[in-house]
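Visitor: Got a structure to go through with me? I'd like to start with the strands, then get to the cysteines.

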Amino acid sequence: TIYSAGIDNCITAWDLRTNERTMKMKGHEDTITCLSLHPKGTHLLSNSMDGTLKTWDVRPYVLDGQKRHCKTFRGATHNAEKGLLNCDWNSDGTMVTGGSADKVVHIWDELTADELYFLPGHKGCVNAVVFHPKENVIASGSSDKAIYVGELSS
């Protein structure tokens, strides 16, 4: 399965063996800029120009597309630049993050959707944020041409 999203505000799953659409998930109100698959492959994280990140259940046995939406994470923003801001899961799927135009790295608890970290410092839009695959470390890249790497508390 491959997932796609874009200006239609929907996420589409495609079966590569048959080249057919297997599901279409609606819920964002503006262009989706990034998708990230949960480390176990059960959920998908999306970042949208509507100012939200959302998680979706992509396991095959969920029948109703509307019930695939799990959580909404608020706090990150998009601006007139309309950049392709990314999103990411940490290695065990307990935290999510996404790029934001407010110059801040936002990190949420995946279970409660509460914001765990609010990390200012960039002078431009945070375009890329990624968790280290094994350590409790995060890296962010911004329009200010700076890359910051920081360790998160355990």
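Guide: One term before the hairpin: strands here are DSSP runs of E, at least two residues long, numbered from the N terminus. Also, this is a predicted model.

Visitor: Fine. Which strands form a hairpin, and how many residues are between them?

Guide: Strand 1 and strand 2 do, with 4 residues between them. In the turn, Asn 9 has a positive phi of about 65°. Strand 1 covers residues 2-5 and strand 2 residues 10-15; the two run antiparallel, joined by 4 bridges. Ala 5, for instance, has Ile 11 in strand 2 as its bridge partner.

Visitor: What order do the strands of the open sheet take?

Guide: The order is 4-5-6-7, with antiparallel pairing. Strand 4 (32-37) and strand 7 (69-74) are the edge strands, each pairing on one side only. On average, neighbouring strands of this sheet are turned by 20° against each other, direction ignored.

Visitor: How many bridges join strand 4 to strand 5?

Guide: There are 5, and strand 5 spans residues 43-48. Leu 37 has its bridge partner in strand 5 at Leu 44.

Visitor: Switching to cysteines. How many disulfides?

Guide: With a cut-off of 2.5 Å between the sulfur atoms, the count is 0. Cys 87 is in no disulfide: its nearest cysteine sulfur, in Cys 34, is 3.7 Å away.

Visitor: Is Cys 87 buried or exposed?

Guide: Cys 87 counts as buried because its relative accessibility is 4%.

Visitor: And why no bond for Cys 125?

Guide: Because the closest cysteine sulfur, that of Cys 34, is 13 Å from the sulfur of Cys 125, which is too far. Cys 125 is buried too, at 5% relative accessible area.

Key
Residues numbered from 1 in each chain as written. Predicted model: local features only at pLDDT ≥ 70, side-chain atom pairs only at ≥ 80, totals over all residues. Heavy atoms only, no water. Buried < 20%, exposed > 50% of the residue type's maximum accessible area, 1.4 Å probe, protein only. Pairing = 2+ DSSP bridges. Axes fitted to C-alpha atoms, helices over the stretch in contact; angles between N-to-C directions.
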